[in-house]
Amino acid sequence: MTDIATRTWDGMTIPVAGTYLLDQAHKRIGFLSRHMMVSPVRGEFAEATAQIFVAEDPLLSSVTATIASASITTGSADRDTHLKSADFLDVERYPTLEYRSTGIKWQGNEDPIFQWARLRSHRLGGRGRSPIVPPQSDGTPGRFVLTGELTVKGITRAVDLEVNFGGARTDPYGQNIFGFSAMAEINREDYGLIWNVMLESGGVLVGKTVQIEIAGEAIYQA
């Protein structure tokens, strides 16, 4: 099928301007923290919605998202119950987490490893040779920083998401979509999630730093 709802911007194929909604069948709103300072524990929120407005100028685009706090799951029923309690998310008083973007910055569409290779070759060569680095074709996924505000338990803090744009196209069902992934790092104590246990050997039971891991597709609406 022909990609009818795409355009070219800075060498990339991007979606046309309009409103897009997060595809419920292709999403992951995940996170990672550490247990006893040594082992990573991953979890996710199963229920979330997001609306993405793609502007004519892509750098004027915006995002709003709502996450159901009670949909948290980590693979352990006891741990999930604790995370839903007042010690952590307090889902009865705060049923949602909210994110609202405030701006977007273009970071380029070159993989950082290629940038490093060029720099290394330039430093070490010095013999007039051009560094051999794989070329990147038009449509290469690009990188953005999405500035915004995350609200958890009624507390709002600035959080910047490092976004990788995965590309835009028409799917087999005729829907115009684009894909993306995003990461950020927050301190849970900034949001009042301060419960912990000190370990006799030093450190704490639950890590304070939480890595946010997001991946998904958005579907064109209008």
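# A tour from serine 69 to the second largest pocket

Start by selecting serine 69: a polar atom of its side chain lies 2.8 Å from the backbone oxygen of tyrosine 94. The model on screen is a predicted one. Serine 69 sits in the loop that runs between β6 (62–68) and β7 (72–73). Its relative accessibility is 1%, so serine 69 counts as buried, the limit for that class being under 20%.

Now display what surrounds serine 69. Leaving out residues up to four places away in sequence, serine 69 touches Phe45, Leu89, Val91, Tyr94, Pro95, Thr96 and Leu97. Tyr94 thus appears in this list and also supplies the backbone oxygen at 2.8 Å.

Next, show the aromatic rings. Across the whole structure, a search finds eight aromatic pairs. Select tryptophan 9 and tryptophan 106: their ring centres are 5.1 Å apart and their planes stand at 70°, so this pair is edge-to-face. The cut-off for that label is over 60 degrees. Tryptophan 9 belongs to strand β1 (residues 6–9) and tryptophan 106 to strand β8 (residues 96–108), so the pair ties together parts 97 residues apart in sequence. Colour by accessibility and tryptophan 106 comes out as partly exposed, with a relative accessible area of 23%.

Move on to tyrosine 20 and phenylalanine 178. With ring centres 5.1 Å apart and planes at 70°, tyrosine 20 and phenylalanine 178 also make an edge-to-face pair. Tyrosine 20 is in strand β3 (residues 18–35) and phenylalanine 178 in strand β11, so that the pair links distant parts of the chain, 158 residues apart. Are these two residues, tyrosine 20 and phenylalanine 178, buried or exposed? Both are buried.

Extend the selection to Phe165, Phe180 and Tyr220, which form one aromatic cluster together with Tyr20 and Phe178.

The last stop is the second largest pocket, which holds about 180 Å³ of space. Its lining consists of 14 residues; select Glu162, Val163, Asn164, Ala182 and Met183 to see those closest to the pocket centre. Which strands each supply at least two residues of the lining? They are β9 (143–152), β10 (155–170), β11 (176–187) and β12 (209–220). Strand β11 is also where phenylalanine 178 was found. Colour the lining by class to finish: seven residues are nonpolar, three polar and four charged.

Notes
Residues numbered from 1 in each chain as written. Predicted model: local features only at pLDDT ≥ 70, side-chain atom pairs only at ≥ 80, totals over all residues. Heavy atoms only, no water. 1 Å grid on protein atoms, 1.4 Å probe; cavity = no way out; pocket = protein on both sides within 12 Å on 5 of 7 lines; lining within 4 Å. Points joined across faces, edges and corners; volume = space filled by probe spheres on them. Helix = DSSP H or I, 4+ residues; strand = E, 2+ residues; numbered from the N terminus. Nonpolar A, V, L, I, M, F, W, Y, C, P; charged D, E, K, R; others polar. Buried < 20%, exposed > 50% of the residue type's maximum accessible area, 1.4 Å probe, protein only. Polar contact = N/O pair within 3.5 Å; in protein donor to acceptor, adjacent residues only side chain to side chain. Contact = heavy atoms within 4.5 Å. Phe/Tyr/Trp six-rings, centres within 6.5 Å; stacked < 30°, edge-to-face > 60°.
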